[in-house]
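Me: I should be grateful for a close look at a single part of this structure, set out as one connected account.

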Amino acid sequence: MVMVKSKLSYEESRRQRLEENKKRMEALNLPQLAQAIKTTSSPKPSPMKRTKPRTVEKQMVVVRRSSRVANLPTPVYKEVVVDRVMIPRKSYSSRHRDLSNRVYASDEARAEAMERAANLESGLGSDHPIFVKTMLPSHVSGGFWLGLQVQFCKEHLPKGDEVMTLIDEDGNEYPTIYLARKTGLSGGWKGFAVAHDLVDGDALVFQLIRRTSFKVYILRVEDGKKL
């Protein structure tokens, strides 16, 4: 009986303490604080991260220009197609000179041909611009390039590349390419030289009868020294 009474007094005492503690906690507002802490500390499920597409903002930028050209119109750059002066290629018969047997003019023979060319030049008068050219190996073989007198080209020939027509004494016409920057005849000159069997030492008189046409007179060298 004593043990039952003792146990009841213990339980009663314990219940009283719990009641007192509960009252103290309520007085201090501890239950609400504990609930708030529990709510804050519990992690919330994070939503799936979504990557937003980057948007690049385009802006018009005004390019600074020098004050010297600021008032000038903006240049427009575009591709320009430059037409090249070309003439049809011709094939030449093997009946012409064999270069292995070519001859080189002596100084005396060259001078004699030039003297005859000068006499012809004087007889043609001054109605048209005219000049005399002695043939060298590079003019009549190998590269077939004919350089003209620079001063004559500057004064009388076109400023740009042109097709120049060479007209021989029989009236036959041979188109050639005149290169203004190099002041000479390139494409087509070989055809004229081969067709007329020009050799080293020949003297040619070029008479400019039209803006892009030469009348050509050939004075043959009379002898030569074979190599």
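Please begin with the hairpin of S4 and S5: how many residues lie between the strands, and which residue in the turn has a positive phi? Please then follow the neighbouring strand, the core and helix H3.

Reply: The model is a predicted one. In the hairpin that S4 and S5 form, 5 residues lie between the strands, and the turn residue with a positive phi, of about 90°, is Gly171. Strand S4 covers residues 162–167 and strand S5 residues 173–179; the two run antiparallel and are joined by 6 bridges. One pairing can be located exactly: Val163 has Ile177 in S5 as its bridge partner.

S5 also pairs with strand S6 (residues 184–185), again in an antiparallel sense, through 2 bridges. Here Leu179 stands opposite Gly184 of S6. The hairpin of S5 and S6 has 4 residues between its strands, and Thr183 takes a positive phi near 45°.

The account now turns to the core. The largest nonpolar core has 26 residues, of which Trp189 and Phe214 touch the most other members. S4 and S5 are among the elements that give two or more residues to this core, together with helix H5 (150–156), helix H6 (189–195), S7 and S8. H6 supplies the largest share, 4 residues. A second, separate core has 8 residues, including Ile130, Ala203, Val205 and Leu219.

The surroundings of Phe214 lead back to the hairpin. Neighbours within four places in sequence aside, Phe214 is in contact with Met164, Thr165, Leu166 and Ile167, among others. Its further contacts include Phe131, Phe152, Leu157, Phe206, Gln207 and Leu208.

Helix H3 occupies residues 107–123, 17 residues in number. From first C-alpha to last, H3 reaches 25 Å, close to the 24 Å expected at 1.5 Å a residue. Ala109, Arg110, Ala113 and Ala117 are the buried residues of H3. Because these residues cover an arc of only 100° around the axis, they lie on the same side of H3. In general, an α-helix has 3.6 residues a turn, so residues three or four places apart point the same way.

The buried residues of H3 pack against strand S2 (130–134), strand S7 (203–210) and strand S8 (213–219). On the face of H3 turned away from the buried side are the exposed residues Asp107, Glu108, Glu115, Asn119, Ser122 and Gly123. Just after H3, Gly125 takes a positive phi of about 80°.

Notes. Residues numbered from 1 in each chain as written. Predicted model: local features only at pLDDT ≥ 70, side-chain atom pairs only at ≥ 80, totals over all residues. Heavy atoms only, no water. Pairing = 2+ DSSP bridges. Expected span 1.5 Å × (residues − 1). Buried < 20%, exposed > 50% of the residue type's maximum accessible area, 1.4 Å probe, protein only. Arc of directions from axis to C-beta. Contact = heavy atoms within 4.5 Å. Core = buried A, V, L, I, M, F, W, Y, C linked by side-chain atoms within 4.5 Å.
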